[in-house]
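Work through the exercises below with the sequence and the 3D view side by side. Try each task before you read its solution.

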Amino acid sequence: MATSDSSMAELKQLLVTGSNHAAWSGDHLVRFLVDWYQRNEREVHCNTVPPPPAERLPKLSVSPSESLLNSTSIIPKLVSEGKADIIIDTLRAYSQLPYVDKEAVVLCLAVASKQGDQKKLVTDAHSAVRELCRSTHLFFLFIQISKMISKKSGHTGWGRGLRRAVNEWYLSWEPQRLALEVTRHSSAHGWTHRDVIRLAHLKLKEMPLGTQVVLHYVFMGLEKTVKEYSGKDNTSDLLDLMQILDKDGHPKDGEGDWDVNQVINKVNKLHEVFGSVTLDDVPSQSLKSAEVWSHMLDKLGGESALASVNRMSKAGLLNPGPENDALPAKLGDRLKHEDLTKGSITPTQVLMALHAYEHPTRYVGEGGARRAGKSPRLAAKVQVRRPGKVNPLVIDALHSLIASSAKSIQMTSRKLAVCIDVRASMGTSHVHTGNPEGKGEVSCYEAAAVTVLSLTSGGTNPAVSTLAFSGDSLVELKVPEGATISMLSEKFKETVIGPVNVEAALNWAVEKKVETVVVVSLKFDPHYIAEILKQVNEKNNAQIRLVLCGFVGKFMEAPRTENFLLALGFDQRTPCIIRAFHERHF
């Protein structure tokens with residue numbers, strides 16, 4: 001492979017996986033670096049000794065800023081190879097893919113905007129901010145990474161390009177949507193809209209009237225904004241909406257209860273204007289009310305509807321019992337609704353929600369005293385199992401959603417084989433999922449089953465074969481349409497066991513003209529197997545791709561080759577990463 005092609009492949013892998021390592025293990029480079037940087041900033045501000053880097057990523061030493069530049073060295077490398085003109089086009093194209101890591105796209109965009117000797121690249125990068133940063137979270141991430149890079153190079157001010165990008169970002173929103181965005185997501189990554197507007201020196205009087213109203217509200221609050229803009233042309237509807245967005249259900253003076261009717265009115269208005277509601281649109285304390293939930297459930301968007309399972313569970317609203325089944329039944333109906341089953345929810349997201357609900361945790365014990373400057377607590381609390389019973393109505397709905405969401409995944413036209421290790425250790429071992437609520441409760445059988453469901457589009461894709469290492473060979477497992485993870489786990493248990501033979505799987509792929517082989521087991525020797533892959537491809541003049549899923553593997557180095565991917569552990573995005581690799585997106 002030519003050097004420039006190799007560099008572009010490395011960029012594409014970073015955009016898809018969010019990591020610059022050859023092995024995919026669920027690590028999120030962007031989030032880790034930003035969190036590490038902000039923690040160090042707080043520690044320096046408080047004149048305390050910074051903590052060592054997280055054990056999970058020990059190689060990110062020196063400083064967060066230097067680690068950031070090292071991890072994104074692919075951008076200046078492409079510039080040096082004369083490929084600067086295709087960087088932004090690649091970011092735009094990949095931002096449209098369902099498999100892409102949007103935070104990695106923003107990371108690369110920020111690095112591209114700091115290539116000072118490439119004026120066209122810098123201008124194009126700033127022009128692309130409004131297109132690629134379509135949320136407050138991504139927009140503030142771009143600003144935070146830009147700050148990290150500038151500080152490393154000794155620059156602290158905001159250049160004209162960045163100020164122009166900020167101005168265009170706010171102008172790109174329709175006023176009602178901008179009002180919703182600044183109230184729904186007021187801050188992220190240590191930034192607020194007020195900070196950004198002030199530092200970018202935005203001139204409100206030069207903006208369209210609707211945008212002026214919203215940004216005036218950001219600075220001056222609702223009362224002064226209403227006083228300033230009441231009576232002006234075409235502002236009454238926007239001001240009425242902002243009054244609803246601003247009234248978030250806080251208790252009135254002298255009252256201890258939350259105004260449930262106020263929250264319900266807000267939910268109704270948001271649904272009327274925008275078509276859906278998220279959990280961020282209502283005050284957290286109001287989510288303890290069964291009345292609010294009963295009114296809001298059918299108006300929640302897909303991810304919020306799924307997240308509602310554990311929010312309602314924490315509020316004690318899903319406890320089983322004949323007198324308490326109305327709300328769980330309504331939640332179960334919502335989870336089975338077509339807009340969720342045929343939406344963007346993935347089977348792995350549902351599996352994580354299921355295990356967080358079945359195996360909740362809480363933190364007990366004394367944390368460290370909070371120091372000056374709001375630095376993090378020093379002493380960690382102990383994580384323990386939170387007692388409580390699960391509701392069978394909710395469990396059944398989540399299992400049903402896993403199966404139905406798998407069927408909605410777009411089918412691949414390329415031939416793929418998924419080969420499963422069905423030995424007993426797969427049923428008794430658990431994977432670390434990275435799930436903040438229910439960690440380590442997903443068995444390897446379940447992880448394998450949800451991977452199969454995702455890649456086979458719920459058993460509907462004839463281009464995907466599912467096999468098991470059984471006896472001395474491979475046997476094909478039929479995945480019926482509508483299969484559940486429980487059904488597949490039982491099928492694995494019933495299959496005659498056999499040793500994992502990757503070479504046999506590759507030879508089977510050669511015979512059947514399969515393009516990608518996915519081997520699922522506990523752990524592997526990646527270097528030895530990568531050599532086998534090379535030999536099989538050379539012997540048969542083939543270009544078979546191989547994915548090794550080592551569910552209990554942790555810190556393994558893998559050779560970086562075009563046809564080989566090592567996926568360690570099990571993350572929510574693992575099936576998506578496999579699919580992107582199979583489709584040649586990296």
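## Exercise 1: A helix end

L171 lies in helix α10 (residues 160-171); helices here are DSSP runs of H or I with at least four residues, strands are E runs of at least two, and both are numbered from the N terminus. This is a predicted model, where local features need pLDDT of at least 70, side-chain atom pairs count only at pLDDT 80 or more, and totals for chains, interfaces and linings use all residues. Residues are numbered from 1 along each chain as its sequence is written, and side-chain values use heavy atoms, with hydrogens and water left out.

Task: find how exposed L171 is, and which residues it touches.

Solution.
- Step 1. Take the classes: buried means under 20% relative accessible area, exposed means over 50%, and partly exposed is in between (1.4 Å probe, protein chains only).
- Step 2. L171 has a relative accessible area of 36%, so it is partly exposed.
- Step 3. Look for contacts, meaning heavy atoms within 4.5 Å. Not counting residues up to four places away in sequence, L171 touches M207, P208 and T211.
- Step 4. Check a distance. L171 and G210 are 39 residues apart along the chain, and their C-alpha atoms are separated by 9.8 Å.

## Exercise 2: The sheet

Task: give the order of the seven strands in the open sheet, and name the strands at its edges.

Solution.
- Step 1. Use the pairing rule: two strands pair if DSSP finds at least two bridges between them.
- Step 2. The order is β1-β13-β12-β11-β6-β9-β10, with mixed pairing.
- Step 3. β1 (23-24) and β10 (473-476) stand at the edges. Each has a single partner strand, so one side of each is left without a neighbour in the sheet.
- Step 4. Add the helix α27. It packs on the sheet and touches β1, β6 (416-420), β11, β12 and β13. Its direction makes about 165 degrees with that of β12; axes are lines fitted to C-alpha atoms, for helices over the stretch in contact, and angles run from 0 to 180 degrees between N-to-C directions.

## Exercise 3: Strand β12

Task: decide whether β12 is enclosed or open, then find its partners.

Solution.
- Step 1. Count the buried residues. Six of the six residues of β12 (residues 545-550) are buried, so the strand is largely enclosed by the rest of the structure.
- Step 2. Sort the directions. In a regular strand the side chains alternate between the two faces of the sheet. R545, V547 and C549 point one way from β12, while L546, L548 and G550 point the other way.
- Step 3. Take one partner. β11 (residues 516-521) pairs with β12 in the parallel sense over six bridges, and V517 stands opposite L546.
- Step 4. Follow the chain from β11 through helix α26 (residues 526-540) to β12: this β-α-β crossover is right-handed. That is, with the strands pointing away from the viewer, the path from the first strand over the helix to the second runs clockwise.
- Step 5. Take another partner. β13 (residues 564-568) pairs with β12 in the parallel sense over five bridges. V547 has L565 as its bridge partner, and L548 has L566.

## Exercise 4: Strand β6

Task: find which strands pair with β6, and the bridge partners of A417.

Solution.
- Step 1. β6 is mostly covered, with five of its five residues buried.
- Step 2. β9 (residues 464-470) pairs with β6 in the parallel sense over five bridges. β11 also pairs with β6 in the parallel sense over five bridges.
- Step 3. A417 has S465 as its bridge partner in β9 and V517 as its bridge partner in β11.

## Exercise 5: A distant pair

Task: locate Y99 and E583, and say whether each is buried or exposed.

Solution.
- Step 1. Y99 is in the loop between α5 (84-95) and α6 (102-112). E583 is in the segment after α27 (574-582).
- Step 2. Y99 has a relative accessible area of 13%, so it is buried. E583 is at 17%, so it also counts as buried.
- Step 3. Compare contact lists. Leaving aside neighbours within four places in sequence, Y99 is in contact with residues including V16, R573 and E583. E583 touches Y99, T412 and R414, not counting residues up to four places away in sequence.
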